[in-house]
Amino acid sequence: MKYRVITIAGLLLCMIAVWGFSGGWFLKRPVAVDATEFIMDTVVSVKLYHHDRKRGEELIAEAFKEALRIERMMEAVKGDGEIRRLNQRDSNGWFELMPELGIVLREAQKYHELSGGAFDPSVAPVKWLWDFEDGGYLPSQSELEQKLPSVGLENVTIHGDSILFLNSDIQLDLGGVAKGFAVDRMIEYLSSHGVESILVNAGGDIATLGKKPAATFFGAESDWVIGMRHPRLNRTIVLKWNPYPAVATSGDYQRFFMKDGVRYHHIIDPATGYPASKCASVTVWTKSAMLADLLATTIFVLGPGKGVEFAESLDSVETLIYFERNGNVESVMSSGIEGRIGI
Ligand code: AMP
Ligand code: MG
């Protein structure tokens, strides 16, 4: 009996000592740390959980630097990055690509082929004609016809990290995929520094890692909840269940101008040079934000019918499409999420 009292007392003393030495760390809950910056022409926000708020803030600041680095590399018009350098080339030989650009351009080419040309970063000269960044301009048919011959990623050959332009007028714009790539890099940076619970959102291109930790020591962790804008109604669609950790949305409300009651927006059908008109918004879930971003733009061009078919033909891809029919907004989705997401 006497020994048992001594043992229990010893155990208690031990626990108090551990608590003291660790500063109570093992019972401390990670705190939510978040921050927002304007990068890549959009609002980029990061939320993560960390035991040390200051360290969490430092890591987020470094992750924003990653996004800025990608923006600079992939920005087509401003600055002095790699894509700008390629667009300003004065010869058509082979050019070396930075490995990260190689990854993105090889992926762009793969889905350009798979989608029958719907995804095409070489739509750049046509897209710039529309001048969405500066209030918008409605080009004439002949202006569009002048630019269309330089559109076609089939006139670009990529081998490993080298690129060959077969048409001297080809210009590239990675606006349909770069944000997603930056989101993936930010997640990678943060997770490589030990963060296990992260949500990054770059203007609707979103990736998450892990789950939200429990608020109390005995509580349960929970899934990230993602808010998505309805393309026509002033309401948020709350996605409590997400089939994959990355989700991206392309919408005709993101960058557009109205003229004579017609909405002209920034997702261009490379076949016509006009804004793709079959969808109002396309959301894609898959394993990486880069691919989600790329496929949302692609499916937007394909339209609801072909778009769902295209998503169904790919592994680990789900899509939700809003479109207008006879003045009403309707939606269609791939079979893997049917009945599982509340919209
Ligand atoms: P997102 O918001 O991801 O759909 O990307 C739209 C951006 O992608 C535009 O601002 C253009 O820079 C670029 N873009 C437009 N049309 C296409 C297209 N058909 N294929 C690839 N990129 C495109
Ligand atoms: Mg996109």
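Helices are DSSP runs of H or I with at least four residues, numbered from the N terminus. The model described here is predicted. By that numbering, G303 comes just after helix 8 and takes a positive phi of about 90°.

Helix 8 covers residues 289–302. The helix has 14 residues. From the first C-alpha to the last, helix 8 reaches 20 Å, close to the 20 Å expected at 1.5 Å a residue. Burial is complete along its length: 14 of the 14 residues are buried, so helix 8 is largely enclosed by the rest of the structure.

Helix 8 also takes part in the largest pocket. About 980 Å³ of space lies in this pocket. The pocket is lined by 40 residues. Closest to its centre are K127, D173, G175, G176 and R255. Five elements give two or more residues each to the lining. They are helix 2 (53–74), helix 5 (124–130), helix 7 (178–192), strand 10 (246–251) and helix 8. Helix 8 gives the most, with four residues. By residue class, the lining divides into 18 nonpolar, nine polar and 13 charged residues. Two domains contribute to the lining. At least three residues come from each of domain 1 (82–165) and domain 2 (212–343).

A metal site involves one of the residues closest to the pocket centre, G176. The magnesium ion (ligand 2) is coordinated by G176 through O, by D293 through both O and OD, and by T297 through OG1. These contacts fall at 1.9 to 2.5 Å. In sequence, the donor residues are spaced G-x116-D-x3-T. G176 lies in the loop between strand 5 (162–165) and helix 7, whereas T297 lies in helix 8, so the pair ties together parts that are 121 residues apart in sequence. Both residues fall under the 20% limit for burial. G176 counts as buried because its relative accessible area is 18%. T297 is likewise buried, with a relative accessible area of 15%.

Helix 4 spans residues 99–114. At 1.5 Å a residue, its 16 residues should span 22 Å. The end C-alpha atoms are 23 Å apart, which agrees with that expectation. The buried residues of helix 4 are E100, L101, G102, V104, L105, A108, Q109, Y111 and H112. Just after this helix, G116 takes a positive phi of about 65°.

Positive phi values also occur in residues other than glycine. Most residues other than glycine have a negative phi. M40 departs from this pattern, with phi near 55°. D41 also has a positive phi, of about 60°, although it is not a glycine. M40 is placed in the loop between strand 1 (31–39) and strand 2 (42–50). D41 sits in the loop between strand 1 and strand 2 as well. Their exposure was also assessed. M40 is buried, with a relative accessible area of 12%. D41 is partly exposed, at 30%.

Helix 2, one of the elements in the pocket lining, contains K54. With a relative accessibility of 56%, K54 counts as exposed, because the cut-off for exposure is over 50%. K54 and V33 are 21 residues apart in sequence. In space they are 8.8 Å apart, C-alpha to C-alpha.

How values were computed. Residues are numbered from 1 along each chain as its sequence is written. Chains are lettered from A and ligands numbered from 1 in the order in which they are written. This is a predicted model: local features need pLDDT of at least 70, side-chain atom pairs count only at pLDDT 80 or more; totals for chains, interfaces and linings use all residues. Side-chain values use heavy atoms; hydrogens and water are left out. On a 1 Å grid over the protein atoms alone, a cavity is a set of points where a 1.4 Å probe fits but cannot get out, and a pocket is an open set with protein on both sides within 12 Å along at least five of seven lines; lining residues have an atom within 4 Å of a point. Grid points are joined across faces, edges and corners, and a volume is the space filled by probe spheres set on the points. Ala, Val, Leu, Ile, Met, Phe, Trp, Tyr, Cys and Pro count as nonpolar, Asp, Glu, Lys and Arg as charged, and the others, Gly among them, as polar. Domain bounds come from an automatic or database domain assignment. Donors are N, O and S atoms within 2.8 Å of the metal (3.2 Å for Na, K and Ca); water is not among the atoms, so sites may look incomplete. Buried means under 20% relative accessible area, exposed over 50%, partly exposed in between (1.4 Å probe, protein chains only). The expected span of a helix is 1.5 Å times one less than its number of residues.
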